[in-house]
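Please open the structure in the viewer and keep the selection panel at hand. The tour proceeds by selections, each followed by a note on what is found there.

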Amino acid sequence: MLSHPFDDDKLREECGVFGCIGVEDAASFVALGLHALQHRGQEAGGIITHHPESGFQSAHRFGLVRDNFTKQGVIETLPGRIGIGHVRYSTAGSKGATQIRDVQPFFGEFAMGGAAIAHNGNITNADAIRRELIERGSIFQSSSDSECLIHLMARSFQKTIPERMKDALRRAEGAFSVVAMTRTKLIGVRDPLGVRPLVLGKLHDGWALASETCALDIIGADFVREIEPGEMVVISDKGVESMRPFAPQKSRFCVFEHVYFSRPDSFFGGRSVYETRRRIGVELAREAPVEADLVCPVPDSGTPAAIGYSQESGIEFALGITRNQYMGRTFIEPSQQIRSMGVRLKLNVNRALIRGKRIILVDDSVVRGTTSQKIKEMIIEAGAKEVHFRIASPPTAWPCFYGVDTPDRENLLAARMTEDEMRDHIGVDSLKFVSLNGLYRAAGEAEGRDNACPQYCDACFSGEYPVAPHDMLERGFQPKYAAE
Ligand code: SF4
């Protein structure tokens, strides 16, 4: 699931956050947690810790966690029993790893002491907040929307960091799962809709907060529960204190976390991500059956849905495409000649398996459609008799403004074409997407999507934005529908 320079045909994962308190050598645990969350951002990462003698220490680096946050050199400079970290793929601020000052966590020195903050999501009214803050004298260091929170906290008149955070976050709209720390407290907050995930774990005598449960597993922490939408937890040596700083709302967790972003070994809402993906395949097989010889996943994220499709249809599952797991982003410079090889650099077809067969290819999504076309060409070259695409999400026709990097609407294939036109454009014998109702059923909503009151955020499929994307509306974006 790691993306790389040749992979421009997926929605890009947003960011991952991790924090822990009450453990020796907290920085090592944070580095391991971030390593498990690396699929959520590979551009850069950062860790901040606090030690009573040396104070706050930080390290921010471009590239992968495993290449940068090694024991010797970096981790040993980050002492303490409390720390937070962030892995980043830029969704707001500068695109790509160009400015180290955009790499989180951010740090601020306040009258009552320092605080660091790491944010997963996107503040949809950050432009307006930034304009107002600059007019009132704030000097921004980065182009990130998350820095607004530090400035809003600095202007609050509250007496404690958690109270100042509440003040700041009440001004913010959009999606935010935030992990923050003071000298003695670890803080976690989830936006009122709970768009982005955040989970709580127990680690020996201490505690951990993470974007996904897979980051708890890697450090041997027990999963305790999800931080609830609209909840703030303040964790200290006195335990976990829960608060409700926002007016209650019906939650709208990002359904794409189930489809693609999260690791299949993670759990949300008491549901296994793997099992949800497998059940999407079951729904697809019921909604879009076709006669064929083999069901093959487009690795890796299409695999659980392909297993579900095979189980439901009775058509044999086979690994017709192999992924080169070691196609890292720093392997070679992506010259034009290398770029033109495209997906061949990461995917290869098992010709002996494919030749003469009718193939069902199961992928997680179609964004621009360029990868689907190339995969179809490889399968045809390998001698397939028929190619049928089955997609484990509805057509992606709208951009995401809640912390996911999506192409502009005009570059989304489904925004420009009908399903039949997409089939002809990709050049396959048939193309079918799981319905929105089928996706909801797979994600645990037995009755499907409640159109009057959707249970998930599904704006990239439906165009119904649960929080009006104010900055984008100002920039001229025209929604089909957006909440006030
Ligand atoms: S728009 Fe799509 S990707 Fe973005 S939060 Fe909603 S469901 Fe997730």
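For the first stop, Ala, Val, Leu, Ile, Met, Phe, Trp, Tyr, Cys and Pro count as nonpolar, Asp, Glu, Lys and Arg as charged, and the others, Gly among them, as polar. The model on display is a predicted one.

**The shell around the ligand**

Select the ligand, then Val195, Cys254, Val255, Phe256, Cys400, Tyr402, Val404, Cys457, Asp458, Ala459 and Cys460, which are the residues around the ligand. By the classes above, this shell holds 10 nonpolar residues, no polar ones and one charged residue. Next, colour α7 (255-261) and α16 (459-462): each of these helices contributes at least two residues to the shell.

**Strand β21 and its partners**

Move to residues 358-363, strand β21. Is this strand mostly covered or mostly open? Five of its six residues are buried, so it counts as mostly covered, given that a residue is buried if 20 or more other C-beta atoms lie within 10 Å of its own.

Add strand β17 (residues 294-297), which runs parallel to β21 and is joined to β21 by four bridges. Within this pairing, Leu294 faces Ile359 of β21. Then add strand β22 (residues 386-391), likewise parallel to β21, with six bridges between the two strands. Here Arg358 stands opposite Glu386 in β22.

To see how the chain passes between β21 and β22, show helix α12 (residues 370-381): β21, α12 and β22 form a right-handed β-α-β unit.

**The annotated positions**

Now select Ser301, Asp363 and Asp364, where an unreviewed UniProt entry places the feature "binding site". These positions span 64 residues in sequence, yet no two of their C-alpha atoms are more than 7.2 Å apart, so they gather at one spot.

Centre on Ser301, in the loop between β17 and α9 (303-313). Ser301 counts as buried because 23 C-beta neighbours lie inside 10 Å.

Finally, centre on Asp364, which sits in the loop between β21 and α12. Why does Asp364 count as buried? Within 10 Å there are 25 other C-beta atoms, and the threshold is 20 or more.

Which residues, beyond its neighbours within four places in sequence, are in contact with Asp364? They are Val259, Tyr260, Ser301, Gly302, Ala305, Ala392 and Ser393. One of these contacts, Ser301, is also among the positions that UniProt annotates. Val259 and Tyr260 fall within the residue range of α7 (255-261), the helix already coloured at the ligand stop.

How values were computed. Residues are numbered from 1 along each chain as its sequence is written. This is a predicted model: local features need pLDDT of at least 70, side-chain atom pairs count only at pLDDT 80 or more; totals for chains, interfaces and linings use all residues. A residue is near a molecule or strand if its C-beta atom, placed from the backbone, lies within 6 Å of it. A residue is buried if 20 or more other C-beta atoms lie within 10 Å of its own, exposed if 12 or fewer, and partly exposed in between; C-beta atoms are placed from the backbone. Two strands pair if DSSP finds at least two bridges between them. A crossover is right-handed if, with the strands pointing away from the viewer, the path from the first strand over the helix to the second runs clockwise. UniProt positions are given in the numbering used here, feature names are shortened, and annotations may be inferred rather than shown by experiment. Two residues are in contact if their C-beta atoms, placed from the backbone, lie within 7 Å.
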